[in-house]
Amino acid sequence: MELNMDMKDWITISAVIAGPILAVQAQKLIESIKERKERKLRLFHTLMETRATRLSGSHVSALNMIDLEFYGRSLFGKRWQSEADKKVTNAWKVYNDHLNNSVPDERLDAWTEKGYELFTSLLYAMSQSLGYDFDEVQLKRDCYSPIAHGRIEREQTRIREGLVDLLDGKRSIPMAVTYLPPYHPIDPVEQSETHNNSIQPTADAPAD
């Protein structure tokens, strides 16, 4: 029996076979995009939640995940990154460079203030990428940080720095004598008396 099919029939059969496959792939693509968006949101939420405690472990971990979550996609050996995501990674690059620059104590206040500005710029870039309508002033000012938390954070920093300097031999523990017990001299014992006592026979010793 000879089968005679024209091009239209082939297209129909191909569509029937490929339809479910394409549908599955499309669903996987949609789920992948959704999961990536959710990871970015969790990252942004963590940074917003910890913006008043930027030395916390969760805050530092979230910062270190920015390059990965906002990297974009690798297609055919090439990186494809949206302009919004590129602004995020660029803002993080500038902020990270600032964090890794050590400054003398007299410039610490200016360094800290600059860090707040760069961190706010990072949050703003992330909010724009994720569709939030925040402005930089709102991100910087609308943050509650108890005074006690700031004091504790500064004290913990001083303690860590002091311990490091102590272990490195750069600092010593100050010590001061605040009390000395009264001096009671011991009367010296005459040598001859000591010698006589040592050779004097006891009552139980046998006589010669």
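Which residue forms a salt bridge with Glu 83? In this predicted model, the partner is Lys 86, and the closest N and O atoms of the two are 3.9 Å apart. Both residues belong to helix H4, which spans residues 83-99. They are 3 residues apart there, so about one helical turn separates them. As for their surroundings, Glu 83 is exposed, with a relative accessible area of 54%, whereas Lys 86 counts as partly exposed at 33%.

That pair belongs to a wider set, since a search of the whole structure finds 4 salt bridges. I shall present two others.

Let me turn to Glu 69, which forms a salt bridge with Arg 39; here the closest N and O atoms lie 2.9 Å apart. This pair links distant parts of the chain: Glu 69 sits in helix H3, residues 66-69, and Arg 39 in helix H1, residues 7-49, with their positions 30 residues apart in the numbering. Is Glu 69 buried or exposed? Glu 69 is buried, its relative accessible area being 10%. Arg 39, at 32% relative accessibility, counts as partly exposed.

The remaining pair for today is Glu 113 with Lys 140, a salt bridge whose closest N and O atoms are 3.2 Å apart. Glu 113 lies in helix H5, residues 108-129, and Lys 140 in helix H6, residues 136-141, so this salt bridge ties together parts that are 27 residues apart in sequence. Glu 113 counts as partly exposed, at 37% relative accessibility. Lys 140 is partly exposed as well, with a relative accessible area of 29%.

Note on methods:
Residues numbered from 1 in each chain as written. Predicted model: local features only at pLDDT ≥ 70, side-chain atom pairs only at ≥ 80, totals over all residues. Heavy atoms only, no water. Salt bridge = Lys/Arg side-chain N within 4 Å of Asp/Glu carboxyl O. Helix = DSSP H or I, 4+ residues; strand = E, 2+ residues; numbered from the N terminus. Buried < 20%, exposed > 50% of the residue type's maximum accessible area, 1.4 Å probe, protein only.
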